[in-house]
Amino acid sequence: PEGPTAGDSPRMKLCVNLFCRNIDAQLAFYQALLGLPEAVHSRSPIYRAIETEQFQFGFHAPPAYGLLSLGDRTPEPKSAAPVTGYATFMLDTPAEVDHAARHVVTLGGRVVKAPYASYYHQWQAVLADPEDHVFRVSTLGLPPGVTAPALPTGA
């Protein structure tokens, strides 16, 4: 049979990529914010990435649109990238989430939503990188004394 079957535990690594105007600046930003190494083996003239054993987070230069047959989706220079998805970096502690939210501005990014308790008992912040790509930093659990809000209802 093709593909994994029930009970199998395939070993896979998730790779997520952003289209970026300046791949070197984006690499430096995420390395400084998250303290992760560059995936040097993946480096090319139009690609940079950070990685762990479990994932690779990469940065494509504009020519990659054409290579992937996405030339018709190339945004106008200087336009904000639409939010159609976002990465969440799971950190170990609420203090690390707080640190990332404080540090993001010094690296040229911004805080979209300051650290907060989610209804699903995670401490998280919504941030944007220097090219305005949105991402989250989050951790399982809440800081001492903080309680999770109720599940929001309605729009």
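These legends describe close-up views of a predicted model.

**View 1. Helix α1 and its two ends.**
Helix α1 covers residues 23-34. How far apart should its ends be? At 1.5 Å a residue, its twelve residues should span 16 Å, and the end C-alpha atoms are indeed 16 Å apart. Asn-22 caps the N-terminal end of α1. A side-chain oxygen of Asn-22 lies 3.2 Å from the backbone nitrogen of Asp-24. After α1 comes Gly-35. The phi of Gly-35 is positive, near 65 degrees.

**View 2. The buried side of α1.**
Which residues of α1 are buried? They are Ile-23, Gln-26, Leu-27, Phe-29, Tyr-30, Leu-33 and Leu-34. These residues cover an arc of only 165 degrees around the axis, which puts them on the same side of α1.

**View 3. The three-stranded sheet.**
Three strands form an open sheet in the order β1-β3-β2, with mixed pairing. The edge strands are β1 (14-19) and β2 (47-51), and each pairs on one side only. Neighbouring strands of this sheet are turned by 20 degrees against each other on average, direction ignored. Look at β1 beside β3, which holds residues 55-60. The two strands pair in the parallel sense over six bridges. Cys-15 stands opposite Gln-56 in β3. Helix α1 lies across β1, β2 and β3. Its direction runs at about 10 degrees to β2.

**View 4. The four-stranded sheet.**
A second group of strands comes into view here. Four strands form an open sheet in the order β4-β7-β6-β5, and the pairing is mixed. β4 (87-90) and β5 stand at the edges with a single partner strand each, so one side of each has no neighbour in the sheet. The twist averages 20 degrees from one strand to the next. Strands of a sheet pair through backbone hydrogen bonds, either parallel or antiparallel. In which sense do β6 and β7 pair? They pair in the antiparallel sense, over seven bridges. Val-126 stands opposite Arg-136 in β7. Helix α1 packs on this sheet too, touching β4, β6 and β7. The direction of α1 makes about 15 degrees with that of β7. Helix α3, residues 94-106, lies across β5, β6 and β7. It runs at about 15 degrees to β6.

**View 5. Strand β6, covered on both faces.**
Is β6 enclosed or open? Seven of its seven residues are buried, so β6 is largely enclosed by the rest of the structure. Both faces are covered. Gln-122, Gln-124, Val-126 and Ala-128 are buried on one side. Trp-123, Ala-125 and Leu-127 are buried on the other. Leu-127 has a bridge partner in β7, Phe-135.

**View 6. Val-111 in strand β5.**
Val-111 sits in β5, which spans residues 110-117. Five bridges join β5 to β6, and the two strands run antiparallel. Which residue of β6 is the bridge partner of Val-111? It is Leu-127. Leaving out residues up to four places away in sequence, Val-111 touches Ala-101, Val-104, Val-105, Val-126 and Leu-127. Is Val-111 buried or exposed? Neither: its relative accessibility is 32%, so Val-111 counts as partly exposed. Met-12 is 99 residues from Val-111 in sequence. In space, the two are 32 Å apart, C-alpha to C-alpha.

**View 7. Two hairpin turns with positive phi.**
Most residues other than glycine have a negative phi. Two turns in this model hold residues with a positive one. β5 and β6 form a hairpin with four residues between them. His-121 lies in that turn, with a phi of about 65 degrees. At 48% relative accessibility, His-121 counts as partly exposed. β6 (122-128) follows this loop. Next, β6 and β7 form a hairpin with five residues between them. Here the residue to find is Asp-132, whose positive phi is about 75 degrees. Asp-132 lies in the loop between β6 and β7 (134-140). Its relative accessibility is 25%, so Asp-132 counts as partly exposed.

Terms used
Residues numbered from 1 in each chain as written. Predicted model: local features only at pLDDT ≥ 70, side-chain atom pairs only at ≥ 80, totals over all residues. Heavy atoms only, no water. Expected span 1.5 Å × (residues − 1). Buried < 20%, exposed > 50% of the residue type's maximum accessible area, 1.4 Å probe, protein only. Arc of directions from axis to C-beta. Polar contact = N/O pair within 3.5 Å; in protein donor to acceptor, adjacent residues only side chain to side chain. Contact = heavy atoms within 4.5 Å. Pairing = 2+ DSSP bridges. Axes fitted to C-alpha atoms, helices over the stretch in contact; angles between N-to-C directions.
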